[in-house]
Amino acid sequence: TDMNINDIQTPFFVLDRKVMVDEVQKLNYAIATYWPNTIPAYSVKTNSLPYLAKMLNELGVYAEVVSQDEYEMVGLCGYSPDKIVCNGPIKSSAFVADLMDHHVMLNIDSHVELTYAIAHAKSNPECRYGVGLRVNVDIEKYFPSESKAGEQGSRFGFCMENDELSAAVSLLRSCGNIYINGLHLHVSTSTRKVEIYEWLSDLFGDIVSRYDLKEIEYFDIGGGFFGGMPNRPGWNEYLSVISKVLSNKGFTSDKLTVILEPGVSLLAGAFSYYASVVDVKQTNRSRFIVTDGSRIHIDPFFHKTSYFYEHICEAKKFHLDKQIVVGFTCLEYDNIMVLENQQEVSVGDRFRFDKLGAYTLTLSPLFISYFPAVYVLNEDESLQCVRERWTAKEFVQASLIQ
């Protein structure tokens with residue numbers, strides 16, 4: 001389509017296809033070099049844009065889902081069950097049965113799911129089912145201050161330090177037509193250090209031998225990687241250390257599948273967000289640059305201290321000591337950023353914020369205005385709308401209002 005980015009009504013997101021394809025290719029190259037039997041399964045919760053799911057499916061990337069809604073959504077976008085990894089702490093009995101029947105890579109996370117899996121296997125004695133277990137890893141014990149869960153520890157998976165994991169293994173073993181085919185060892189860490197993945201790979205080998213898991217087929221190491229960031233570890237560094245440890249433990253790529261679940265590392269770099277300046281307001285305390293964008297769209301956790309951004313304006317202007325860029329919402333704390341000693345911002349200028357593909361589209365609340373439009377920038381530089389802006393019509397679609 002002959003669409004000019006300057007004519008599109010702000011605010012909106014843009015997905016750069018070339019950036020996304022390049023990142024997938026870099027990941028695939030590292031996989032081919034270090035552990036060819038590796039499955040990248042992108043974290044759907046990190047960015048559940050349907051167009052993105054369709055695109056990544058076509059690029060051969062699997063989907064990692066954590067709920068039945070996500071599972072059904074990626075199915076509508078073209079994913080077949082054999083290209084899906086299913087995690088998450090809460091699954092219904094019907095959902096567990098469906099996943100088992102379709103041989104989805106299923107990682108069990110709770111006691112109730114163990115019960116559902118065993119009940120389903122017992123009611124279908126002619127079938128044999130492989131299921132994975134999520135292991136609760138006490139990362140704080142070995143890497144102090146690394147865990148995002150803090151002092152309380154992670155609530156996910158079966159604890160290795162006490163008898164929870166042993167009990168889960170025994171329970172599954174008591175059912176003749178279930179075998180443990182995978183272990184899921186995802187941890188969320190502060191520094192994303194390569195050493196943590198080295199340690200997790202070592203731990204995987206120890207658990208396999210401790211519980212004599214002879215039919216193990218996959219090691220799901222989870223996500224939490226750096227990706228596309230200068231002076232940070234890349235795919236090669238992570239995969240080389242994972243493959244080295246696994247090889248030393250006696251595993252081979254033809255017998256063991258490694259599953260990676262990249263979210264931020266794969267998706268963040270390909271998305272940008274555009275907002276326009278609609279007003280400049282001077283008070284006795286501050287100069288406010290009012291935009292039609294919002295921090296709720298680009299920093300839903302409200303924890304960023306800076307952004308990758310560009311101020312798009314006609315000509316160079318004076319520099320001002322301090323300008324506070326704010327959003328359209330009626331929240332006093334919708335402060336996007338403070339510009340210090342930067343050129344003057346005027347009505348009609350635009351801001352483009354970059355590297356925003358992680359959690360922004362999934363965690364934006366439907367607060368006073370609904371989801372912004374999303375465009376894709378194709379390899380030939382053409383633009384295409386891949387999700388229309390939500391209006392009141394979409395918002396009320398399943399409500400009783402008559």
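The points below concern two helices, a buried glutamate, a loop glycine and a hairpin in a predicted model.

1. Helix α8 covers residues 194-210, which makes 17 residues. From first C-alpha to last, α8 reaches 25 Å, close to the 24 Å expected at 1.5 Å a residue. Asp212 follows α8 and has a positive phi, near 50 degrees.

2. The buried residues of α8 include the aromatic side chains Tyr197, Trp199 and Phe204, along with Val194, Ile196, Leu200, Leu203, Ile207 and Val208. Ser201 and Gly205 are also on the buried list. The packing partners of these buried residues are β6 (129-136), α6 (139-142), α7 (164-173), β8 (178-184), β9 (218-222) and α9 (235-248).

3. Helix α9 has 14 residues, which should span 20 Å at 1.5 Å a residue; its end C-alpha atoms are 20 Å apart, so the two values agree. Just after α9, Gly250 takes a positive phi of about 95 degrees.

4. In α9 the buried residues are Trp235, Tyr238, Leu239, Val241, Ile242, Ser243, Val245 and Leu246. Among the elements that cover them are α1 (17-34), β2 (38-43), β9, β10 and α10. Helix α8 is also part of this cover, and α9 in turn is one of the elements against which the buried residues of α8 pack.

5. Glu261 sits in the loop between β10 (257-260) and α10 (264-267). Glu261 is buried but has no salt bridge. Lys45, the nearest side chain of opposite charge, is 6.1 Å away, whereas a salt bridge requires the charged atoms to lie within 4 Å. What the Glu261 side chain does have is a polar contact of 3.3 Å with the side chain of His184.

6. Beyond four places in sequence, the contacts of Glu261 include two acidic residues, Glu64 and Asp220. Others on that list are Ala41, Ser43, Val85, Asn87, His184, Gly222, Gly223 and Phe225.

7. Gly88 belongs to the loop between β4 (84-86) and α4 (93-101). Gly88 counts as buried because its relative accessible area is 6%, and the cut-off is under 20%. Outside its neighbours within four places in sequence, Gly88 is in contact with Val66, Asp109 and Glu113. Gln68 is 20 residues from Gly88 in sequence, and their C-alpha atoms are 9.6 Å apart.

8. Strands β17 (residues 373-377) and β18 (residues 383-387) pair in the antiparallel sense over 4 bridges. Val376 has Gln384 of β18 as its bridge partner. The two strands form a hairpin with 5 residues between them, and Glu381 in the turn has a positive phi of about 75 degrees.

Methods: Residues numbered from 1 in each chain as written. Predicted model: local features only at pLDDT ≥ 70, side-chain atom pairs only at ≥ 80, totals over all residues. Heavy atoms only, no water. Expected span 1.5 Å × (residues − 1). Buried < 20%, exposed > 50% of the residue type's maximum accessible area, 1.4 Å probe, protein only. Contact = heavy atoms within 4.5 Å. Lys, Arg positive; Asp, Glu negative; His and termini not counted. Polar contact = N/O pair within 3.5 Å; in protein donor to acceptor, adjacent residues only side chain to side chain. Pairing = 2+ DSSP bridges.
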